[in-house]
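Visitor: I am new to this structure. Could you guide me through it, starting with the charged pairs?

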Amino acid sequence: MASFDADNLFFDNDVNSKKNVRVILNKDKFIEILSEILEANQIDIIRNKIFFIINIITHFRKDEEGLLNIDTNGDTISIRKDILISDLNQILESQTLERAKYYINRLREGIQKVKTSKINDINLLRWKEYDNIITDSLWILDKRDSSGVHNGWYWGNFIPQIPHQMMIRYTKKGDWVLDTFVGSGTTLIECKRLGRNGIGIELNPEVAKRSQELINKEENRYNIITDVIIGDSRTIDIKRILNKYGIKQFQLIIMHPPYHDIIKFSNQENDLSNAISVDKFLEMFGEVIDNTTSYLERGRYLVLVIGDKYSKGEWIPLGFYCMQEVLKRSYSLKSIIVKNFEETRGKRSQKELWRYRALVGGFYVFKHEYIFLFKKK
Ligand SMILES: C[S@@+](CC[C@H](N)C(=O)[O-])C[C@H]1O[C@@H](n2cnc3c(N)ncnc32)[C@H](O)[C@@H]1O
């Protein structure tokens, strides 16, 4: 039976947060009580009964109805306490009988039914409970998520919040995710935590080995597959990979390529960070898109994470150049997210120096990168 997926909410690590206080209700009993209340024909009767429910939820001892009685046979439902109380208060404050009944009906529907879209598991009838999902295009994240086995060992990794947010919005449990530049495996660790299957491709064998070891340490609660495959994403045979797992296509592709030569990842010629020019870099990046696009399901998403760079006193808008490469293929642009850089240890000590250089050189110090979102046509 479809039930509300509380796992998608574990992003908030603050155990003291009000958001983490949940009430577990006897589902059938709650629906029954709400249905009874809907029969009332006076607003005062409704108010009294709703007040009575609030009392049960806030003072467990008065639970004569067995609303919180989880020993009773039947389904239970877990709801965030602050949101439930706010919904009940909204009913209490209704000025008309019709309005009160409208809110009660909505509350009952959110408990009875699950309404999701084709591309994720978000229960739209209870959308208020997902306030950890970012829907704005400006992301200011002050610290990386270091829960689970995430340890940020790799120079040039991205923060786990990026694949986390993308998978919650653009995949369902059990879907397949491809990361063509998997590096230290951040995406695959998140796959394990969210119950998505993940395939990562990485050119550098030592990095791939170390990543796989770390990924293996994360608990596999949902019994899914997370494999790192050594190879060049421009040419690797994706169809063979899919055949191996008995699937036809991926439901999400994440790409976090080198920001051209900003960090040199290896000495290999086919490493995008060794491209001899920006044009060559874009050509190589385009080859990765060409090699993967037909294996992404139609209507599903490609996520590109990239920043810009400076060269010879000029700002090189790598992000927009790469975006253009994607748009030459069968994708439409859904969003451009601007995300702040977290300050790495190295950068912090050089902060003053960069500020001085910026003042002298007439430029601005990079503090952001992009997350481009494309939908496969
Ligand atoms: C920016 S890092 C990705 C980091 C990753 N998101 C993480 O959190 O660790 C880019 C990665 O792409 C790899 N790479 C470069 N060229 C590649 C290619 N042609 N095929 C596959 N991987 C490549 C590099 O070795 C590097 O690990």
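Guide: Arg 329 and Glu 325 form a salt bridge, with their closest N and O atoms 3.0 Å apart. A salt bridge here is a side-chain nitrogen of Lys or Arg within 4 Å of a carboxyl oxygen of Asp or Glu. This is a predicted model, in which local features need pLDDT of at least 70 and side-chain atom pairs count only at pLDDT 80 or more, while totals for chains, interfaces and linings use all residues. Residues are numbered from 1 along each chain as its sequence is written, and side-chain values use heavy atoms, leaving out hydrogens and water.

Visitor: Are Arg 329 and Glu 325 buried or exposed?

Guide: Both Arg 329 and Glu 325 are buried. Buried means under 20% relative accessible area, exposed over 50%, and partly exposed in between, using a 1.4 Å probe and protein chains only.

Visitor: Which residues are joined into one network by salt bridges that share partners?

Guide: That network joins Asp 145, Glu 190, Arg 193 and Glu 218.

Visitor: How many salt bridges are there by this rule?

Guide: The count is 24 salt bridges. One of them pairs Glu 297 with Arg 300, at 3.8 Å between the closest N and O atoms. Glu 297 counts as partly exposed because its relative accessibility is 27%, whereas Arg 300, at 5%, counts as buried.

Visitor: Let us turn to the nonpolar core. Which residues touch the most other members of the largest one?

Guide: Met 255 and Leu 304 do, in a core of 71 residues. A nonpolar core is a set of buried Ala, Val, Leu, Ile, Met, Phe, Trp, Tyr and Cys residues joined through side-chain atoms within 4.5 Å. Apart from it lies another core of 30 residues, including Val 23 and Phe 30.

Visitor: And the backbone: what is notable about the phi of Asn 223?

Guide: Asn 223 has a positive phi of about 55°, although it is not a glycine. Most residues other than glycine have a negative phi. Asn 223 sits in the loop between α7 (205-217) and β6 (226-230); helices (H or I, at least four residues) and strands (E, at least two) are DSSP runs numbered from the N terminus.

Visitor: Why does Asn 223 count as exposed?

Guide: Asn 223 is exposed because its relative accessible area is 69%.

Visitor: Where is Lys 312 placed?

Guide: Lys 312 is in the loop between β9 (309-311) and β10 (314-316). Lys 312 also has a positive phi, of about 45°, without being a glycine.
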